[in-house]
Amino acid sequence: SSCFQWQSQLKQTYDPGDSPVNSLTKCKVCDAEFDYGFEYLGNGPRLVITPLTDRIYVTATQALNLKMGCAPAGPAGTGKTESTKDLASALGKCCYVFNCSPEMD
């Protein structure tokens, strides 16, 4: 479908391929497509999906698709870290969080 609302949703697909060894699991948002990472960290809590989390998912996946990386910025307590960790979990990727401050050497 060409509807942007549908294209901007995180969709996971499975292609069985010609053998189990060649099977592929993909994650897709808009035109960005990633191989699922199979980094399983347990059945942890998930974020409530809101228009703002949809927006960060689209922005982050488009940046990662262009090999640019992503560094959300904004006021404290707005869910930047949790949104990033939840997207990493959905993509099956490991996510490390470093909180840097002037006191760190």
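Here are a few exercises, with worked solutions, on the predicted model above.

**Exercise 1. The sheet**

Work out the strand order, the edges and the way helix H2 sits on the sheet.

Solution. Start with the order: three strands line up as E1-E2-E3 in an open sheet, with antiparallel pairing. Next, look for strands that pair on one side only, and you land on E1 (11–15) and E3 (32–35), the edge strands. From one strand to the next, the twist averages 30°. Now zoom in on E2, residues 24–29: four bridges tie E2 to E3. One pair to find is Cys 27, whose bridge partner in E3 is Phe 34. Finally, add helix H2 (residues 51–65), which lies across E2 and E3 and runs at about 75° to E3.

**Exercise 2. A buried acid**

Asp 54 is buried; which side chain of opposite charge is nearest, and how far away is it?

Solution. First place the residue: Asp 54 belongs to helix H2. Then look for a partner of opposite charge. The nearest one is Arg 46, at 9.8 Å. A salt bridge needs the nitrogen and oxygen within 4 Å, and Asp 54 has no salt bridge at all. So what does Asp 54 touch? Leaving out residues up to four places away in sequence, the contacts are Gln 9 and Ile 49.

**Exercise 3. Arg 46 and its partner**

Find the salt-bridge partner of Arg 46, then decide for each of the two: buried or exposed?

Solution. Arg 46 pairs with Asp 86, and their closest N and O atoms are 2.7 Å apart. The two come from distant parts of the chain, 40 residues apart: Arg 46 is in the loop between E3 and H2, while Asp 86 is in helix H3 (residues 80–91). For accessibility, exposed means over 50% and buried means under 20%. Arg 46 has 52%, so Arg 46 counts as exposed. Asp 86 has 5%, so Asp 86 is buried.

**Exercise 4. The other salt bridges**

How many salt bridges are there, and which residues share partners?

Solution. The count comes to four. Among them is Glu 82 with Lys 85, with 3.4 Å between the closest N and O atoms. Both sit in helix H3, three residues apart, about one turn of the helix. Glu 82 is partly exposed at 41%, and Lys 85 is partly exposed at 36%. As for shared partners, Lys 26, Glu 33 and Asp 35 are joined into one network. Within it, the side chains of Lys 26 and Glu 33 meet at 3.8 Å, N to O. Lys 26 is partly exposed at 21%, and Glu 33 is partly exposed at 41%.

How values were computed
Residues are numbered from 1 along each chain as its sequence is written. This is a predicted model: local features need pLDDT of at least 70, side-chain atom pairs count only at pLDDT 80 or more; totals for chains, interfaces and linings use all residues. Side-chain values use heavy atoms; hydrogens and water are left out. Two strands pair if DSSP finds at least two bridges between them. Axes are lines fitted to C-alpha atoms, for helices over the stretch in contact, and angles run from 0 to 180 degrees between N-to-C directions. Contact means heavy atoms within 4.5 Å. Buried means under 20% relative accessible area, exposed over 50%, partly exposed in between (1.4 Å probe, protein chains only). Lys and Arg count as positive and Asp and Glu as negative; His and the chain ends are not counted.
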